[in-house]
Amino acid sequence: KFITNRLLERKQFVIDVIHPGRASVPKSELKEKLSKMYKVQDDKCIFLWGFKIAFGGQRSTGFGVIYDNINAAKKSLSKHLLLREGVIEKVKGRLARKARKERNTKVKKVRGKAKIEVRSGKAVAKKKEK
């Protein structure tokens with residue numbers, strides 16, 4: 001059973017998977033079955049997440065959505081889910097959160113022109129030369 005959400009151009013549903021004798025079912029396998037059931041042309045329009053395996057195994061419950069098109073998914077779905085499916089690419093050249101914070105604390109500790117060197121990463125290179 002699913003709910004049709006016309007505003008977000010999608011069908012949304014809670015999915016119960018019964019899998020006796022198996023630890024879990026791969027999402028790719030579930031996507032294939034869903035695309036056959038609901039006659040979806042593009043598998044990238046199907047997004048599944050949040051699966052929890054019931055105590056004792058044999059049953060999993062998760063959440064899923066089937067978008068009418070990829071553009072509708074890009075508008076409303078969270079970035080990490082789009083990244084996971086390969087719909088969008090990760091921004092290159094961006095430092096990790098911890099690295100940014102460490103660089104910021106180094107900048108606070110120095111004064112004057114040294115701040116510019118620390119920000120650009122030249123100060124780190126100078127330390128390695130010594």
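These legends go with close-up views of a predicted model.

Local features here need pLDDT of at least 70 and side-chain atom pairs count only at pLDDT 80 or more, while totals for chains, interfaces and linings use all residues. Numbering starts from 1 along each chain as its sequence is written, and side-chain values use heavy atoms, with hydrogens and water left out.

**View A. The largest nonpolar core has 20 residues.** Such a core is a set of buried (under 20% relative accessible area, 1.4 Å probe, protein chains only) Ala, Val, Leu, Ile, Met, Phe, Trp, Tyr and Cys residues joined through side-chain atoms within 4.5 Å. Phe47, Tyr67 and Leu77 touch the most other members. Contributors of at least two residues each include strand E3 (46-53) and helix H2 (70-76); helices are DSSP runs (H or I) of at least four residues, strands (E) of at least two, numbered from the N terminus.

**View B. Phenylalanine 2 meets tyrosine 38 edge-to-face.** Their centres sit 5.1 Å apart, with 90° between the planes. Rings of Phe, Tyr and Trp (its six-membered ring) pair if their centres lie within 6.5 Å; planes under 30 degrees apart are stacked, over 60 edge-to-face, and the rest tilted. Ring pairs also tie Phe2, Phe13 and Tyr38 into a cluster.

**View C. Strand E4 pairs with E2 and, in a hairpin, with E3.** Strands pair if DSSP finds at least two bridges between them. E2 and E4 run antiparallel over 9 bridges, with valine 14 partnered by phenylalanine 63. E3 and E4, also antiparallel, share 6 bridges, and isoleucine 46 stands opposite isoleucine 66. In the turn, glycine 56 has a positive phi of about 95°.

Methods: Buried < 20%, exposed > 50% of the residue type's maximum accessible area, 1.4 Å probe, protein only.
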